[in-house]
Amino acid sequence: IDVILVQIRQTGKTFGCSWLARYLMNIGCTSTNINLLTKNDNLRGKTLEEIIDTENKLPFFMQLRTKGDIANPEEVTIKSLGNKYVGHLPNASEKMATSVGRGLTSPIFFIDELAFLLNNRTMLGAALPATTAARAKQKAKGEPYGVIMTTTAGKLDDRDGKFAHELIMEAAKWNERFFDALDEQDLEMIVRKASPGKTTTVYCVFNHRQLGYDDTWLAQTIERARSTGEDMLRDFYNKWTSGTQSHPL
């Protein structure tokens, strides 16, 4: 079951994924490549720094990184378990984007800011089919595998935003009844039945109240961010907008 997660800014979307990645690196997986695809070098660096920092917050007996391991803004390793987490960036060239996508073969794939990735349709079209064999191998090992796509709401009149929204419209909307599935096969059947596109992807979208924040917090956060117009609707109300991104002609 793959997941598309949309939630408002400043509510811990990346933080949660970073802790999940640390669990996978230090506990959940062995001999596993984990890939991250995010929109720019700044976000890649921040995400990798956060993943590095999470290990420092673990009990000492769970801190597995040694002097021989890599820990920089592009790659983090736990060589004792054979695990590697690598950050990747999109490319404005469609040809190069295909090459980037083909290089993302791994059983576990984090996609950050999906709606704002240049050539996201091209990259995912090359990357996702190539993960099939890697997933099967991981499943045979009894270890975690899957794709998590996170983003804030995007622009419907933007090529890349439109593709992200198309994926969402094909997915099953999150429902707590999914927890009642008898097993993995039953869950897959339930999700496919609930999905307009008959996919095994679940779309999770959460507003500030669902995440434990009140209306006063939201108003103050918007004010501090000096966010207005369509930017405010996307960032803080999960609204996909279609304003003046392109000329009508």
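# Helix packing and helix faces in a predicted model

The buried residues of helix α3 pack against α4, in a model that is predicted. Helix α3 spans residues 94–102, and within α3 the residues A97, T98, V100 and G101 are buried. These four cover an arc of only 160 degrees around the axis, which puts them on the same side of α3. On the face of α3 turned away from that buried side, the exposed residues are K95 and R102. The general background to such a pattern is that an α-helix has 3.6 residues a turn, so residues three or four places apart point the same way.

From α3 the path leads to its partner α4, which comprises residues 120–141 and whose axis comes within 9 Å of the axis of helix α5, residues 159–170, with a crossing at roughly 50 degrees. The two helices α4 and α5 are therefore oblique to each other, given that an angle counts as oblique when it falls outside the ranges under 35 degrees, over 145 and 65 to 115. On the α4 side the contact involves N120, R121 and L124, and these meet D160, F163, A164, E166 and L167 in α5. Sorted by character, the residues of this contact of α4 with α5 divide into 4 nonpolar, 1 polar and 3 charged.

Another helix pair is formed by α1 and α2. The axis of helix α1, residues 13–28, comes within 9 Å of the axis of helix α2, residues 41–56, and the two axes cross at roughly 55 degrees. That angle makes α1 oblique to α2, and the crossing in which α1 passes α2 is right-handed. From α1 the residues T14, F15, S18, W19, A21, R22 and N26 take part, meeting T47, E50, I51, I52, T54 and E55 in α2. The residues of the contact of α1 with α2 divide into 5 nonpolar, 5 polar and 3 charged.

Within this contact, S18 of helix α1 can be followed individually. Leaving aside residues up to four places away in sequence, S18 touches T47, E50, I51 and T54. Is S18 buried or exposed? With a relative accessible area of 1%, S18 is buried, since the cut-off for that class is under 20%.

A serine in another setting is S31, which is found in the loop between α1 and β2, the latter covering residues 33–37. Phi of S31 is near 50 degrees, which is a positive value in a residue other than glycine. S31 is exposed, with a relative accessible area of 59%.

Further along the chain, helix α7 covers residues 215–225, and its buried residues are W217, L218, T221 and I222. Viewed down the axis of α7, these buried residues fall within an arc of 130 degrees, so they line one face of the helix. The buried residues of α7 pack against α8, residues 229–237, whereas E223 and R224, on the other side of α7, are exposed.

The loop between α7 and α8 contains R226. Phi of R226 is near 50 degrees, again a positive value in a residue other than glycine. At 74% relative accessibility, R226 counts as exposed, because that class begins over 50%.

Definitions and conventions. Residues are numbered from 1 along each chain as its sequence is written. This is a predicted model: local features need pLDDT of at least 70, side-chain atom pairs count only at pLDDT 80 or more; totals for chains, interfaces and linings use all residues. Side-chain values use heavy atoms; hydrogens and water are left out. Axes are lines fitted to C-alpha atoms, for helices over the stretch in contact, and angles run from 0 to 180 degrees between N-to-C directions. A crossing is left-handed if the near helix is turned anticlockwise from the far one by less than a right angle, and right-handed if clockwise. Contact means heavy atoms within 4.5 Å. Ala, Val, Leu, Ile, Met, Phe, Trp, Tyr, Cys and Pro count as nonpolar, Asp, Glu, Lys and Arg as charged, and the others, Gly among them, as polar. Buried means under 20% relative accessible area, exposed over 50%, partly exposed in between (1.4 Å probe, protein chains only). The arc is that of the directions from the helix axis to the C-beta atoms.
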